[in-house]
Amino acid sequence: MRALSINRVVRVLSLIVFAAACGLLLHRLRRTPEQEELSHYVKVEIPSLFSVEEPIDQRIARLDKAPGLKPEEARTLLVDDVIPRLVMLRRQAEGLSLHTDEARRLNQEYLGVVDQLIDACRACVRVIDDPKLPDGAGLVLVRERFADVHRALEAWDRDVRTACVRHRLAKPSSPPRE
């Protein structure tokens with residue numbers, strides 16, 4: 001009799017532990033709203049923005065190739081093509097419907113990068129239009145602006161990766177080996 005009751009207690013406890021493990025597993029595997037939106041932002045929205053950004057980057061790269069464009073051609077490329085595309089990219093990024101603080105913060109940071117790129121292109125146009133500005137100083141100014149954009153884009157990319165790790169959507173990257 002006593003062995004039968006101990007056996008029943010063990011079975012009941014086993015079922016309770018199994019149910020608790022199943023509940024914990026379901027809780028760990030269920031995605032939070034932050035995880036869902038961040039995942040959507042990274043998998044859908046960012047590639048969409050990058051597909052618009054890629055032709056812009058190709059046109060900007062033409063400015064740095066040797067032999068370079070003539071000043072009039074460079075100005076036309078920037079004013080008539082690159083800057084309007086950047087404004088459209090900004091509108092697209094601004095129009096995203098994001099509901100969580102993390103995704104909105106990352107998108108605001110991306111908008112800041114796009115604004116910096118627009119400012120860098122405008123600085124380039126000012127250097128082309130200003131005959132008083134020496135060529136060397138103007139070139140240094142423009143290169144600094146584009147370097148700032150590159151650093152801001154890298155920082156944004158790092159922040160996206162950090163957010164994905166924080167919300168358990170990605171594993172932390174290991175430090176580079178020396």
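## Getting to know the helices

Author: Let's start inside this predicted model. Helix 2 (33-64) and helix 4 are among the parts that cover the buried residues of helix 3.

Reader: Which residues of helix 3 are buried?

Author: Buried here means under 20% relative accessible area. In helix 3 that picks out Ala-74, Leu-77, Leu-78, Asp-81, Val-82, Ile-83, Leu-86, Leu-89 and Ala-93.

Reader: How far does helix 3 reach from its first C-alpha to its last?

Author: Helix 3 runs over residues 71-94, so 1.5 Å a residue is the yardstick for its span. With its 24 residues, 34 Å would be expected. The model comes close to that, at 32 Å.

Reader: Where is the kink in helix 3 centred?

Author: Helix 3 has a kink of about 35°. The residue at its centre also turns up among the buried ones of that helix. The kink is centred on Leu-78.

Reader: And helix 2, how far apart are its end C-alpha atoms?

Author: Helix 2 has 32 residues, so at 1.5 Å a residue it should span 46 Å. The distance in the model agrees with that: the end C-alpha atoms are 43 Å apart.

Reader: On which residue is the kink in helix 2 centred?

Author: Helix 2 has a kink of about 35°. Its buried residues include Leu-38, Ile-46, Leu-49 and the residue at the centre of the kink. That residue is Tyr-41.

Reader: Which residue of helix 2 forms a salt bridge with Asp-81?

Author: Side chains of opposite charge can pair when their charged atoms come close. Asp-81 has such a pairing, with the closest N and O atoms 2.4 Å apart. Asp-81 lies in helix 3 and its partner in helix 2, so the salt bridge ties together parts that are 22 residues apart in sequence. The partner, partly exposed at 21% relative accessible area, is Arg-59.

Reader: Which residue of helix 3 also forms a salt bridge with Asp-81?

Author: Look within helix 3 itself, 4 residues away, about one turn of the helix. The closest N and O atoms of this pair are 2.6 Å apart. The partner is partly exposed, at 27% relative accessibility. That partner is Arg-85.

Reader: What does Asp-64 pair with in a salt bridge?

Author: The closest N and O atoms of this pair are 3.3 Å apart. The pair links distant parts of the chain, 79 residues apart: Asp-64 is in helix 2 and its partner in helix 5 (residues 135-166). Asp-64 is exposed, with a relative accessible area of 53%, while the partner is partly exposed at 46%. The partner is Arg-143.

Reader: How many salt bridges are there in the whole structure?

Author: The pairs above, such as Asp-81 with Arg-59 and Asp-64 with Arg-143, belong to the overall tally. A search of the whole structure gives 12.

Reader: Which residues is Arg-126 in contact with, leaving aside neighbours within four places in sequence?

Author: Arg-126 is found in helix 4 and is partly exposed, with a relative accessible area of 49%. Its C-alpha is 9.2 Å from that of Arg-75, which is 51 residues away in sequence. With the neighbours set aside, the contacts of Arg-126 are Asp-119 and Arg-145.

Reader: Which residues make the nonpolar surface patch?

Author: The patch covers about 370 Å². One of its residues, Val-12, lies in helix 1 (residues 2-29) and is partly exposed at 48% relative accessible area. The patch is made by Val-9, Val-12, Leu-13 and Ile-16.

Notes:
Residues are numbered from 1 along each chain as its sequence is written. This is a predicted model: local features need pLDDT of at least 70, side-chain atom pairs count only at pLDDT 80 or more; totals for chains, interfaces and linings use all residues. Side-chain values use heavy atoms; hydrogens and water are left out. Patches are made of residues with over 30% relative accessible area and no salt bridge: like charges are joined within 9 Å, nonpolar side chains (Val, Leu, Ile, Met, Phe, Trp, Tyr) within 5 Å. Accessible areas come from the Shrake-Rupley method with a 1.4 Å probe; for residues, only the protein chains shown count as cover. A salt bridge is a side-chain nitrogen of Lys or Arg within 4 Å of a carboxyl oxygen of Asp or Glu. Helices (H or I, at least four residues) and strands (E, at least two) are DSSP runs, numbered from the N terminus. Buried means under 20% relative accessible area, exposed over 50%, partly exposed in between (1.4 Å probe, protein chains only). The bend at a residue is the angle between axes fitted to the seven residues ending there and the seven starting there. Contact means heavy atoms within 4.5 Å.
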